[in-house]
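Trainee: Could you take a close look at one part of this model with me? I'd like to start from a single residue and then see how the chains meet.

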Amino acid sequence: MAERVYVSGWGIISALGNNVEENLYALKNKKSGIAHPEFLHTNYAKQKVFGEVKHSNDELKIQLGLKTSKTVSRTALLGMVAAKESIETSGLSSHELKSTLFFNGTSVGGMDISERNYKVFLDNEKLDYKSSFSGHDCGHSTESIANFIGSKGETSTISTACSSSANTIMQAGRMIKAGKAEIAIAGGTDALSVFTLNGFNSLKILDDNPCKPFDENRKGLNLGEGAAYLVLESESSVNRRGAKILGELIGYGNANDAYHQTASSPEGTGALNAMKKAMNIAGNPAIDYINAHGTGTGNNDMSESIAIKSLFQENIPNYSSTKSYTGHTLGAAGAIEAVFSLLSINNNVVFPCLRVDSPMDILPKLPIFNVNDQEVNCVMSNSLGFGGNCSTLIFRK
Amino acid sequence: MRAYINATSAISPQSTFDVDNYIEELIPSEIDYLKAIEPNYRDFLDPKMARRMARIIKMGVATSNKCLESLAGNTPGAIILGTGLGCLQDTAKFLKDIVETEEGLLSPTAFIQSTHNTIAGQIALLIGCTSHNFTYANRGFSFENALGDALLHLEEGNDYVLVGGIDEVIPETNSILKKIGCTQGNNDKSKELPVLGEGAAMFLLSSNENEESLAVVEGVKTLFKPNNQDEVIESIFNLLIETEVDMNQVDGVLMGYNNSKKDDAIYDKLVTSIFEDKSIYQFKHISGEYFTANAFGCHIAAKMIANQKEYPEMLVKGNTTNIINYMLVYNHFNADYHSVTLLSKC
Amino acid sequence: MENLILKIKEDLIKQLNLEDLTVDDISDDALLFGEEIGLDSIDALELIVLLEKNYGVKINNPELGKKVFHSVRTIAEFVQENKK
C-alpha cells in the first residue's frame, strides 16, 4: 500500500527574508527583493540587479554560530539556515534526525569560493588550496549542511540546474511513497556567483532591470539566491509523532524536453509532459493556482504558457511567477517556490506577478496582478531547467 | 529489487570500450594520473552533433549508445547519471575566460557545457528521449544515488533504465588535488595516496532478463559516515540478509583498494575477518580513484561474472575462483561514503 | 573582400568547432542557419563574440544579428562597413 507523503516542516531564506514568516510578509506586501547587489563582487554590480539575500557571509556565520574565520561556501551557509528552520518547524528530535534522509539540490555548490581564488591559482601564486577548492563540488555543500543539522541518514545531491530542488522533493516523495524512507529533508540551495552571472550574461538572457515575467516586453531574468527545505514524512510517521501537517505532496513529474541544450521547445513539450505526469500521479485534481517557472525570458514564458494552455485548455487556473519577487534562484528555485506554494495553501492567498504592464496574449487568462485572498486547496509548481530538465510538483491542503 | 544488467559499457584508463579486446594486458599511463583510453568518436558521433561536446560528454554518449543498441531505437524509461565533479574541462575554461577578460566578452558554449546535467541532457537529446532525467552529484555516492534511483524506477514499473557513473580529470584538478594532499602522481609511490583516474561506466538495467544479460544486481546498500568498522561489517551482512544470500555463497569480493594506507585499512580488516576464505579482487589499479569509480567496479564485476574470468592483476588474495556465482563489490570514498553491491550470475 | 571572406570562414570553423568542414565546403552565400551549415542559437551568440573580438564590430540587437549572419558574404560586408 503506497504511503501518503506529508509536509511537516519548512524553512527558507531568500531575498525576501530569513525565514518563512519574513518571506510571507514580503509576498503579501508586494515587496520585491530585487536590487543591486551588496555582497556579490562583480564588475556588473551597478549595472545589473539580483535577488540577493540581504546578509553577508559573516552575518550568516554569526547567525549559525560558526566562526567567521572558517571558510564556508555561501551555498552551504544559506542551506544551513533554511535546513535549520525546517527542522525547528517540524519538531524533529536529534534522535529522529540521525536516521532522517537529506536530499539537497544545487547547481553552484562551492563555486563562489573556487572562483574567488582561481586567478591566484592561474598565476601560480601562494594559495591555501584546501580552503579554496576542497569544497567546490556540489556534494560537499550537502555534506556540510548534513553535518551542521546533525542528519546522519543517507544523503543525496541532485544537480539538474533550475529543476534541482524540485527534483529532490520529488525524489524524497517517491522514496517515502515506496516505503523506503519515513522522514526526509528535501530542498535545495544556490548562492549568487560570478561564474553563473557571467554564464547567463553570455547567453544574453539577463534583464538589467527588475524582471517582468509574462509581460509582452520582458527582457530576461534576474539571478537570485537562497535556500529552502521541506520536511517530508510518511503518513505513519506523522501519526506516530503527532506532527503538524502543512500540506501533502500528491503529485510530481520529471520529463526531458530533448529539444536543445538551453532553449525550451516552442510547444513546451518537456513542461507539458512533466505537468501531465504530475497530474496523473495526483489523480487529476482541480488546480487552484500555478506557481509558474516564469523566469521572464522570451523563450521560457512563451513555451511554458503554451504548455499550460495545452494542458488546461480554456480552464486556466490562476497563475503567477514569484520570480518577480526573488529573481531566479536556480537550484533552489524548486524548493523556494514549493514553500511559496504551501504558504498559498496555508493562508488561502495567491501571490501576484509583479511589474506586468503589457500581459502576453498566449493564455486566455491574465496572470494575477494583486495579492488575492482565495480558497487554495491545490497548487502546481513548475521548475524548468537547462538541458531541458522539466519538473512539476503538486501540493494539496 | 533485483535488476538485470542487460548491457554495460565503459571507457577507462585501460582498453575497456572495445569489447573484443577487453583489457588483454595493462597499458601503463605515461602521465601523472590515469587518463582514459578513448575511442575515435567520429566512428559513431555525427560531427555536427559532437562539435560542441566536451570530452566527458563524448565519453558518456559513447558508452550510453553502446548500452542502448539492444533497445533498437526505443528509449529507456529513465536516464540517471552520477558525477562527482561534472564537466571540469568547460568549467575550467569558462573560469579562465572570466579571469582573463575580467568579466568581459565571453563565449557561452563553455558555460552551457559546464552544468552537471549536460551529460544526461545530451544523451537524451541525441536519442530523443523525453523520459525522466536525473543527475546526482554527491561525492562518493553520486553513482550509488543514481543506481538506487534506477532500481526504484524499475520497481515503479519501468522496463528499462539507463544508469551510469562518470567523472573526468583535467591537469588543473590533478594539480590542485596534489597540492591539497589527496592524490599523488602516478609514478610517485612514496606518499601512499591514491592516484587519480577517470572514466564512464554505463548500464542498461531491466526487470527482464534476455539472452544478452550479463549479471544480476541483487541489491545495493550505502552507509554514510559509519562510526566504526563494525558498522560496515553489519551493513554487508544486512545486504546479504535482505537478498537472502548466505556469506558462504559469495565467491569473490571486489574491493576499492586505492594504494592509500588509510583508505585500505578497512579492506585489509575485512580480508582477515569476514572475507577470509574469499577470492579478493581490486579494480582501482585499472580505473584510478575518483568519486564515481565504483561504477567502474560494478561494471568490471559484471564482466567477470558474464565471462567467468578475471582481468590482469585483479586478484589480490586467495585463489582464482572457479565459478563466480555471487560477487560482492565493496568500496568507500574517503572513509565517509561506503557502498556494497551484490551481483550474481544470471 | 575575398581575403576577408576567407578569414571569416577560417574563424567560423575554428570558433564553432566545425571540424568536418574546410573553407572550400562553405560557399560564400550558403545559408549559415540553414540545413547545409546548420548553425543554431548558441552559434549566433558565439558569432557575436567572434565579430567583436576579432573584428571590433558590435551587434547590439538580435534582429540585426539575423540579417548579418545570413551568410559569410553578408558578415564580410557588415564587417567592412563597420570596422573601426
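Is A:Asn348 buried, exposed or partly exposed, and how many other C-beta atoms lie within 10 Å?

Mentor: Keep in mind that this is a predicted model, with ipTM 0.96 and pTM 0.96. A:Asn348 comes out as partly exposed, because 14 other C-beta atoms lie within 10 Å, while a buried residue would need 20 or more and an exposed one 12 or fewer. As for where it is, A:Asn348 sits in the loop between α14 (333–347) and β11 (349–350) of chain A. Its backbone is worth a glance too: phi is positive, about 45 degrees, although A:Asn348 is not a glycine.

A:Lys204 makes a nice companion. Its phi is near 55 degrees, again a positive value in a residue other than glycine. You'll find A:Lys204 in the loop between α9 (194–202) and β6 (223–224) of chain A, and it counts as partly exposed, with 16 C-beta neighbours inside 10 Å.

Now for how the chains meet. Chain B puts 45 residues into its contact with chain A, which brings 51 of its own. On the chain B side, that makes 20 nonpolar, 17 polar and eight charged residues. Chain B also touches chain C, with nine residues of B in contact with 11 of C. There, α4(B) gives the most to the chain B side, three residues, and the chain B side splits into four nonpolar, two polar and three charged residues. Chain C itself has a mean pLDDT of 88, with 99% of its residues at 70 or more.

Note on methods. Residues numbered from 1 in each chain as written. Chains lettered and ligands numbered in written order. Predicted model: local features only at pLDDT ≥ 70, side-chain atom pairs only at ≥ 80, totals over all residues. pLDDT = per-residue confidence, 0-100. Contact = placed C-beta atoms within 7 Å. Helix = DSSP H or I, 4+ residues; strand = E, 2+ residues; numbered from the N terminus. Nonpolar A, V, L, I, M, F, W, Y, C, P; charged D, E, K, R; others polar.
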